[in-house]
Amino acid sequence: MLTIAAWMGGSLGRFGNNMNNGFNVIAGWAGVSVKDVKVCQRSDGEPTRVCAPVDGMLTARVLEAAEVREGASIMSADPHGIRDRIEKLDVGAVSVQRQWPDRIRIDLEQRKPIALSQEDGEGSAWRVVDQGGRAFAEADLTKYSRLPRVVGKDASLAAAGLVV
């Protein structure tokens with residue numbers, strides 16, 4: 001009963017935060033705290049040894065979504081959780097690696113807008129499509145008004161084959 005009351009009052013939550021902060025200090029002393037997070041471009045869908053840079057704005061969004069603080073214990077950086085959060089952005093395939101003792105590397109496929117597609121003809125919404133025929137979840141159509149337009153059934157998929 002006392003535990004439930006403490007949890008409801010928030011003291012256990014503060015205790016957990018204090019413990020986590022303590023682990024981060026110990027990790028820093030042991031040399032296993034995060035010192036660097038790299039965001040790299042995947043070439044041909046596969047991570048490479050050389051880290052090809054990603055667009056600066058996308059890098060900032062990825063780092064924000066990753067939620068990894070410099071100085072935090074590398075052991076508390078969950079690669080699967082980081083990947084899941086980044087995949088919610090408009091990026092392609094994502095892989096996350098802990099590189100011991102103090103680095104995290106995020107490899108991702110940077111999607112490239114290639115066309116505007118309209119699946120059901122007049123009246124349906126235009127969508128920005130990438131090189132794989134996948135529509136972007138959010139895209140400012142005015143920014144991409146000069147892209148070629150593809151209309152018809154399965155227009156998004158067709159755009160990937162038609163536009164080079």
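The legends below describe close-up views of a predicted model.

**View 1. The largest nonpolar core and the elements that build it.** This core holds 19 residues, among which Val 62, Ile 86, Ile 106 and Leu 108 touch the most other members. At least two residues of the core come from each of helix 3 (56-66), helix 4 (79-87), strand 2 (94-99) and strand 3 (103-108), and helix 3 supplies the largest share, with four residues. A second core, separate from this one, consists of six residues, including Ala 115, Val 150, Ala 155 and Ala 159. In soluble globular proteins, nonpolar side chains tend to be buried together.

**View 2. The buried side of helix 4.** Pro 79, Gly 81, Ile 82 and Ile 86 are the buried residues shown in helix 4; because they cover an arc of only 165° around the axis, they fall on the same side of the helix. The buried residues of helix 4 pack against helix 3, strand 2 and strand 3. For Ile 86, when neighbours within four places in sequence are left aside, the contacts are Val 62, Ala 65, Ala 66, Val 91, Val 94 and Ile 106.

**View 3. The hairpin of strand 2 and strand 3.** Three residues lie between the two strands of this hairpin, and the strands pair in the antiparallel sense over six bridges. One of the bridge partnerships sets Arg 98 opposite Ile 104, the latter residue being in strand 3.

**View 4. The disulfide between Cys 40 and Cys 51.** A search of the whole structure finds one disulfide, in which the sulfur atoms of Cys 40 and Cys 51 are 1.9 Å apart. The torsion about the S-S bond is about -100°, and the disulfide is therefore left-handed. Since Cys 40 belongs to strand 1 (residues 36-41) and Cys 51 to the loop between strand 1 and helix 3, the pair ties together parts that are eleven residues apart in sequence. Cys 40, at 0% relative accessibility, counts as buried, whereas Cys 51, at 28% relative accessibility, counts as partly exposed.

**View 5. The surroundings of Pro 113 in strand 4.** Pro 113 is placed in strand 4 (residues 113-118) and, with a relative accessibility of 28%, counts as partly exposed. Leaving aside neighbours within four places in sequence, Pro 113 is in contact with Val 128, Val 129, Asp 130, Phe 136, Tyr 144 and Leu 147. The C-alpha atoms of Pro 113 and Gly 132 are separated by 9.6 Å, while the two residues are 19 residues apart along the chain.

Methods. Residues are numbered from 1 along each chain as its sequence is written. This is a predicted model: local features need pLDDT of at least 70, side-chain atom pairs count only at pLDDT 80 or more; totals for chains, interfaces and linings use all residues. Side-chain values use heavy atoms; hydrogens and water are left out. A nonpolar core is a set of buried Ala, Val, Leu, Ile, Met, Phe, Trp, Tyr and Cys residues joined through side-chain atoms within 4.5 Å. Buried means under 20% relative accessible area, exposed over 50%, partly exposed in between (1.4 Å probe, protein chains only). Contact means heavy atoms within 4.5 Å. The arc is that of the directions from the helix axis to the C-beta atoms. Two strands pair if DSSP finds at least two bridges between them. A disulfide is a pair of cysteine sulfur atoms within 2.5 Å.
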